[in-house]
Amino acid sequence: MTNYIPSYLAKFENSNGQASDGILYLEYENSVVFFEAKSSLLAVKDKYSWNKDQFKADLWKKFVEGTEEGKKEKKGITQLVATISNFCNIDKSCRKSIKGIDYSKIKYVFPVLITLEPAMDTCIMNNYLNLE
């Protein structure tokens, strides 16, 4: 059975925290897909600057870890990492469950970042982010 859990229901049990922007639970495939969606676009001046540090700073601010009012905030990739770390924690006492998903059946976890930014669609971006 395949179940889609929308953002307003994709919450950790016993917590007010949202687990993900959406979850696809593929019960018979023993898989779960976590989605994070970001509508941010990279600044044109940073994207086309030919300055690696300037590009990376904007990329990180929009899709990895931004700052809101002087406070670090998880964005996209780090949100997926946190969700998967909480859901799949090796220490069972720290593991957070999600209503409607049987953790004992999960063998595969797939993180998916959905963006409007065209640069994120390039085949090299995944490799770049993995190396960083």
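# Exercises on a predicted model

In this predicted model, Lys 62 and Asp 58 form a salt bridge in which the closest N and O atoms are 3.0 Å apart. The exercises start from this pair and then move to other parts of the chain.

## Exercise 1. The pair Lys 62 and Asp 58

Task: State in which helix Lys 62 and Asp 58 lie, and decide for each residue whether it is buried or exposed.

Solution.

Step 1. Both residues belong to helix H2, which covers residues 52–63. They are four residues apart, about one turn of the helix.

Step 2. A residue is buried when its relative accessible area is under 20%. Lys 62 has 15% relative accessibility, so Lys 62 counts as buried.

Step 3. Asp 58 has a relative accessible area of 3%, so Asp 58 is buried as well.

## Exercise 2. Other salt bridges

Task: Find how many salt bridges the structure holds, and describe the pairs Lys 47 with Glu 117 and Glu 65 with Lys 72.

Solution.

Step 1. The count for the structure is seven salt bridges.

Step 2. In one of them, the side chains of Lys 47 and Glu 117 meet with an N to O distance of 2.8 Å. Lys 47 is in helix H1 (residues 44–47) and Glu 117 is in the loop between E6 and H4, so this pair ties together parts that are 70 residues apart in sequence.

Step 3. Lys 47 is partly exposed at a relative accessible area of 22%, whereas Glu 117 is buried at 1% relative accessibility.

Step 4. Glu 65 and Lys 72 also form a salt bridge, and their closest N and O atoms are 3.6 Å apart. Glu 65 is partly exposed at 34% relative accessibility, while Lys 72 is exposed at 63%.

Step 5. Asp 58, Lys 61 and Lys 62 are joined into one network by salt bridges that share partners.

## Exercise 3. A buried lysine

Task: Find the nearest side chain of opposite charge to Lys 38, and explain why this pair is not a salt bridge.

Solution.

Step 1. Lys 38 lies in strand E3, residues 31–38. Lys 38 is buried and has no salt bridge.

Step 2. The nearest side chain of opposite charge belongs to Glu 36, 4.1 Å away.

Step 3. A salt bridge needs a nitrogen and an oxygen within 4 Å, so the distance of 4.1 Å does not qualify.

Step 4. Leaving out residues up to four places away in sequence, Lys 38 touches several others, among them Lys 62, Phe 63, Lys 75, Gln 79 and Leu 113.

## Exercise 4. A glycine in a strand

Task: Say in which strand Gly 22 lies, and which residues are in contact with Gly 22 beyond its neighbours within four places in sequence.

Solution.

Step 1. Gly 22 is in strand E2, residues 22–26.

Step 2. The relative accessibility of Gly 22 is 0%, so Gly 22 counts as buried.

Step 3. The contacts of Gly 22 outside those neighbours are Tyr 4, Ile 5, Ser 7, Val 33, Phe 34 and Phe 35.

Step 4. For Ser 7 a C-alpha distance can be added: Ser 7 and Gly 22 are 15 residues apart in sequence and 4.8 Å apart in space.

## Exercise 5. Two pockets

Task: Give the volume and the lining of the largest pocket and of the second largest pocket.

Solution.

Step 1. The largest pocket holds about 370 Å³ of space. Its lining has 17 residues, and those nearest its centre are Ile 77, Leu 113, Asn 126, Leu 129 and Asn 130.

Step 2. Helix H3 (77–87), strand E6 (108–115) and helix H4 (123–131) each give at least two residues to the lining of the largest pocket. By class, this lining has 12 nonpolar, four polar and one charged residues.

Step 3. The volume of the second largest pocket is about 190 Å³. It is lined by 14 residues, with Gln 18, Ala 19, Gln 79, Ala 82 and Thr 83 closest to its centre.

Step 4. H3 supplies the largest share of the second lining, four residues. The second lining divides into three nonpolar, seven polar and four charged residues.

## Exercise 6. The whole chain

Task: How many helices and strands does the chain have, and in which pattern do they follow along the sequence?

Solution.

Step 1. The chain has four helices and six strands.

Step 2. Along the sequence the pattern is β-β-β-α-α-β-β-α-β-α.

Step 3. Of the 132 residues in the chain, 33% are buried.

Note on methods. Residues numbered from 1 in each chain as written. Predicted model: local features only at pLDDT ≥ 70, side-chain atom pairs only at ≥ 80, totals over all residues. Heavy atoms only, no water. Buried < 20%, exposed > 50% of the residue type's maximum accessible area, 1.4 Å probe, protein only. Lys, Arg positive; Asp, Glu negative; His and termini not counted. Contact = heavy atoms within 4.5 Å. 1 Å grid on protein atoms, 1.4 Å probe; cavity = no way out; pocket = protein on both sides within 12 Å on 5 of 7 lines; lining within 4 Å. Points joined across faces, edges and corners; volume = space filled by probe spheres on them. Nonpolar A, V, L, I, M, F, W, Y, C, P; charged D, E, K, R; others polar.
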